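Me: I would like a close look at a single part of this protein. Please take me through it step by step, in short sentences.

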Amino acid sequence: MAPKKAQVKEFARRIRSHRHNLGLTQEEIARRIGTTTPYVGHLESGKRHPSENVVVRLADALGIDRAELFLLANPQAEAIITQPADSSDDSSWDQFRKDKQLHRIHNISAEEMALLSRVDMLGRVRSPRDFLFILNTVRQALGR
């Protein structure tokens, strides 16, 4: 699902505003995040959608909270995180933890399960499928 126009504009406005506040040019930001000046211009005009890696590098370069910038760039992710919990008696973590077939299909390691159990302690995961979204985001960030 593509981000809505208003959310794309807010992402573009936010990065442009932070860049101006820091007194940086598009060329300087491009150099800091390892991309081209035209690409930064496209991000600031809402013509391009950044990858998660670009969002992280942009957030760091501009001093913006990574999660905040990620949700601006990916508003559909917020819907996943805040959707109502499944109606079963087991918690989302319990459902996810017990689904051994899902673990095999997605090749989830014991280390990844330990990480996800810590994520569960934050209290923001609403459904078992959200754990897969979180895991895939972590894997992508780590280049796995």
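Which residue just after α10 takes a positive phi, and of about what value? Please start there, then work through α10 and its surroundings.

Reply: Gly-143 is the residue: just after α10, its phi is positive, at about 75°. Keep in mind that this is a predicted model.

Now step back into the helix itself. Helix α10 covers residues 128–142, which makes 15 residues. At 1.5 Å a residue, those should span 21 Å. The C-alpha atoms at the two ends are 22 Å apart, which agrees.

Next, see what α10 hides. Its buried residues are Pro-128, Asp-130, Phe-131, Leu-132, Leu-135 and Arg-139. Some of these positions follow a simple rule. An α-helix has 3.6 residues a turn, so residues three or four places apart point the same way.

Take Leu-135, which lies in α10. Its relative accessibility is 1%, so Leu-135 counts as buried, the cut-off being under 20%. What touches Leu-135, leaving aside neighbours within four places in sequence? The contacts are Ile-108, Glu-112 and Leu-116. Met-113 is 22 residues away from Leu-135 along the chain. The C-alpha atoms of Leu-135 and Met-113 are nonetheless separated by 9.1 Å.

That leads to helix α9, residues 110–120. Glu-112, Met-113, Leu-116 and Val-119 are its buried residues. Seen down the axis of α9, these buried residues fall within an arc of 110°, so they line one face of the helix. On the other side of α9, Ala-110 and Glu-111 are exposed. The buried residues of α9 pack against α10, and also against α7 (92–98) and α8 (100–105).

The loop between α8 and α9 holds Asn-107. The phi of Asn-107 is positive, near 50°, and the residue is not a glycine. Most residues other than glycine have a negative phi. Asn-107 has a relative accessibility of 63%, so it counts as exposed.

The start of α10 has a partner in α7. Ser-92 is found in helix α7. Its relative accessible area is 8%, which means that Ser-92 is buried. Leaving aside neighbours within four places in sequence, Ser-92 is in contact with Val-125, Arg-126, Ser-127, Pro-128 and Phe-131. Pro-128 and Phe-131 are among the buried residues of α10.

Now set this part against the whole. The protein chain has 10 helices and 0 strands. Of its 144 residues, 32% are buried. Among contacts in the chain with a separation of 6 or more, 57% join residues 24 or more positions apart.

For a comparison, go to helix α3, residues 37–45. Just after α3, Gly-46 takes a positive phi of about 80°. In α3, the buried residues are Tyr-39, Val-40, Leu-43 and Glu-44. Viewed down the axis of α3, they fall within an arc of 140°, so they line one face of the helix. The cover over the buried residues of α3 includes α1, α2 and α4 (52–62).

One of these covering helices is α2, residues 26–33. Its axis and that of α3 are 8 Å apart, and the two helices pack at an angle of about 105°. That makes α2 roughly perpendicular to α3, because angles of 65 to 115 degrees count that way. On the α2 side, the meeting residues are Gln-26, Glu-27, Ile-29, Ala-30 and Ile-33. They meet Thr-37, Val-40, Gly-41 and Glu-44 in α3. By class, this contact has 4 nonpolar, 3 polar and 2 charged residues.

Another covering helix is α1, residues 5–21. Arg-14 lies in α1. With a relative accessible area of 17%, Arg-14 is buried. Leaving aside neighbours within four places in sequence, Arg-14 is in contact with Ile-64, Glu-68 and Leu-72. Asn-21 is also placed in α1. Asn-21, however, is exposed, with a relative accessible area of 65%. The C-alpha atoms of Asn-21 and Leu-62 are separated by 9.2 Å, though these residues are 41 apart along the chain.

Back to your helix, then. Leu-135 in α10 is buried, and Glu-112 and Leu-116 are among its contacts. Glu-112 and Leu-116 are themselves among the buried residues of α9. Just after α10 comes Gly-143, with its positive phi.

Conventions: Residues are numbered from 1 along each chain as its sequence is written. This is a predicted model: local features need pLDDT of at least 70, side-chain atom pairs count only at pLDDT 80 or more; totals for chains, interfaces and linings use all residues. Side-chain values use heavy atoms; hydrogens and water are left out. Helices (H or I, at least four residues) and strands (E, at least two) are DSSP runs, numbered from the N terminus. The expected span of a helix is 1.5 Å times one less than its number of residues. Buried means under 20% relative accessible area, exposed over 50%, partly exposed in between (1.4 Å probe, protein chains only). Axes are lines fitted to C-alpha atoms, for helices over the stretch in contact, and angles run from 0 to 180 degrees between N-to-C directions. Angles under 35 degrees count as roughly parallel, over 145 as roughly antiparallel, 65 to 115 as roughly perpendicular and the rest as oblique. Contact means heavy atoms within 4.5 Å. Ala, Val, Leu, Ile, Met, Phe, Trp, Tyr, Cys and Pro count as nonpolar, Asp, Glu, Lys and Arg as charged, and the others, Gly among them, as polar. The arc is that of the directions from the helix axis to the C-beta atoms.
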